[in-house]
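The following exercises concern one protein structure. Each task is followed by a solution that proceeds step by step.

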Amino acid sequence: MRFICYSGRDEIDRSIQTGAQVAVNLRVPERISTFIGSAGIRRGRIDFGKVDALGGNQIRGLTVTAQSTIPYDIRIDSERGALKRSGRDDAVIAYGLKLSGFPVSDRTRLVCDRTPAPGGRTHNLQVELNGEDLRKAPAGAYSDIVTLTFSPRLGLSGGEGCSATRG
């Protein structure tokens, strides 16, 4: 077996091993990396703009890409739990939230195995507004903040892909 060691583009050592046994030690660092759209983008915005209340349900979304060498959890946290109008009134619009096809809400967790290399795994975040709720809501600008927190998970991965849990 022939070994060639490099430091950057510079060759630093060359050797040949004769014999029938080869021992290989490999260390893969534990890592989770996420982005929205392009590498390095860590925040996204789903903007419904001006909605037509007569148009039925409205659906918008964005895609989060995860690359990991270990199993991970995604915790979903919502600041308000609904779209609320700016100011001090009680006007709200409920919304449905899905992550990777799983219906989720505040404090839901997705449990995922490590991602396939090199591309990772995409998690589609989808927000749906009910047309009936839109027809009943007073005019105004509504908002909420949803946070996805990616954390390493110790132990066995359990399966392929992701599954949803509550808590």
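P118 is located in the loop between strand 10 and strand 11. The model is predicted, and every exercise below refers to it.

**Exercise 1. Determine which kind of peptide bond joins A117 and P118.**

Step 1. The place of P118 is the loop that connects strand 10 with strand 11.
Step 2. Omega of the bond between A117 and P118 is about -5°.
Step 3. The bond is therefore assigned as a cis peptide bond. Most peptide bonds are trans.

**Exercise 2. Examine phi of S100 and of R107, and state where each residue lies.**

Step 1. S100 is found in the loop between strand 8 and strand 9 (102-104). Its phi is positive, about 55°, although S100 is not a glycine.
Step 2. R107 belongs to the loop between strand 9 and strand 10. Phi of R107 is also positive, near 70°, and R107 is likewise a residue other than glycine.
Step 3. For comparison, most residues other than glycine have a negative phi.
Step 4. With a relative accessibility of 26%, S100 counts as partly exposed. R107 counts as partly exposed as well, at 43%.

**Exercise 3. Describe how strand 4 pairs with strand 3 and with strand 11.**

Step 1. Strand 3 (residues 32-36) and strand 4 (residues 58-68) run antiparallel and are joined by five bridges. Within this pairing, T34 has A66 of strand 4 as its bridge partner.
Step 2. Strand 4 also pairs with strand 11 (residues 121-129), in the antiparallel sense and over nine bridges. Here V64 stands opposite H123 of strand 11.

**Exercise 4. Which strands stand at the edges of the open sheet that contains strand 7 and strand 12?**

Step 1. The sheet is formed by three strands in the order 7-6-12, with antiparallel pairing.
Step 2. Strand 7 (92-93) and strand 12 (142-143) each have a single partner strand, so one side of each is without a neighbour in the sheet; these are the edge strands.
Step 3. Strand 6 (residues 83-85) is joined to strand 12 by two bridges, and K84 stands opposite S143 of strand 12.
Step 4. Following strand 12, D144 lies in the loop that leads to strand 13. Its relative accessibility is 17%, under the 20% limit, so D144 counts as buried.
Step 5. The C-alpha atoms of D144 and E79 are separated by 6.3 Å, although the two residues are 65 residues apart along the chain. Among the residues that D144 touches beyond four places in sequence are S78, E79, R80 and Y95.

**Exercise 5. Contrast the largest nonpolar core with a nonpolar patch on the surface.**

Step 1. The largest nonpolar core has 24 residues, of which I74, L97, L99, L110 and L129 touch the most other members. At least two core residues come from each of strand 4, strand 5 (72-78), strand 8 (95-99), strand 10 (108-112) and strand 11.
Step 2. Beyond its neighbours within four places in sequence, L97 is in contact with several residues, including I76, F102, L125 and V146.
Step 3. In soluble globular proteins, nonpolar side chains tend to be buried together.
Step 4. On the surface, M1, F3, V22, V24, L26 and V28 form a nonpolar patch, with about 620 Å² of accessible area together.
Step 5. L26, one of the patch residues, lies in the loop between strand 2 (10-16) and strand 3. Its relative accessible area is 74%, over the 50% limit, so L26 is exposed.

**Exercise 6. Which residues are joined into one network by salt bridges that share partners?**

Step 1. The whole structure contains nine salt bridges.
Step 2. One of them joins R109 and D73, with the closest N and O atoms 2.8 Å apart. This pair links distant parts of the chain, since R109 is in strand 10 and D73 in strand 5, 36 residues apart.
Step 3. D73 also meets R153 in a salt bridge, at 3.0 Å from N to O. R153 lies in the loop between strand 13 (146-152) and strand 14 (162-166), 80 residues from D73.
Step 4. D73 and R153 are both buried, whereas R109 is partly exposed, with a relative accessible area of 27%.
Step 5. For contrast, E132 and R135 form a salt bridge inside helix 1 (residues 131-136), where they are three residues apart, about one turn of the helix.
Step 6. The network consists of D73, R109 and R153.

How values were computed. Residues numbered from 1 in each chain as written. Heavy atoms only, no water. Pairing = 2+ DSSP bridges. Helix = DSSP H or I, 4+ residues; strand = E, 2+ residues; numbered from the N terminus. Core = buried A, V, L, I, M, F, W, Y, C linked by side-chain atoms within 4.5 Å. Buried < 20%, exposed > 50% of the residue type's maximum accessible area, 1.4 Å probe, protein only. Contact = heavy atoms within 4.5 Å. Patch = residues over 30% accessible without salt bridge, like charges linked within 9 Å, V, L, I, M, F, W, Y side chains within 5 Å. Areas by Shrake-Rupley, 256 points an atom, 1.4 Å probe, with all protein chains shown as cover. Salt bridge = Lys/Arg side-chain N within 4 Å of Asp/Glu carboxyl O.
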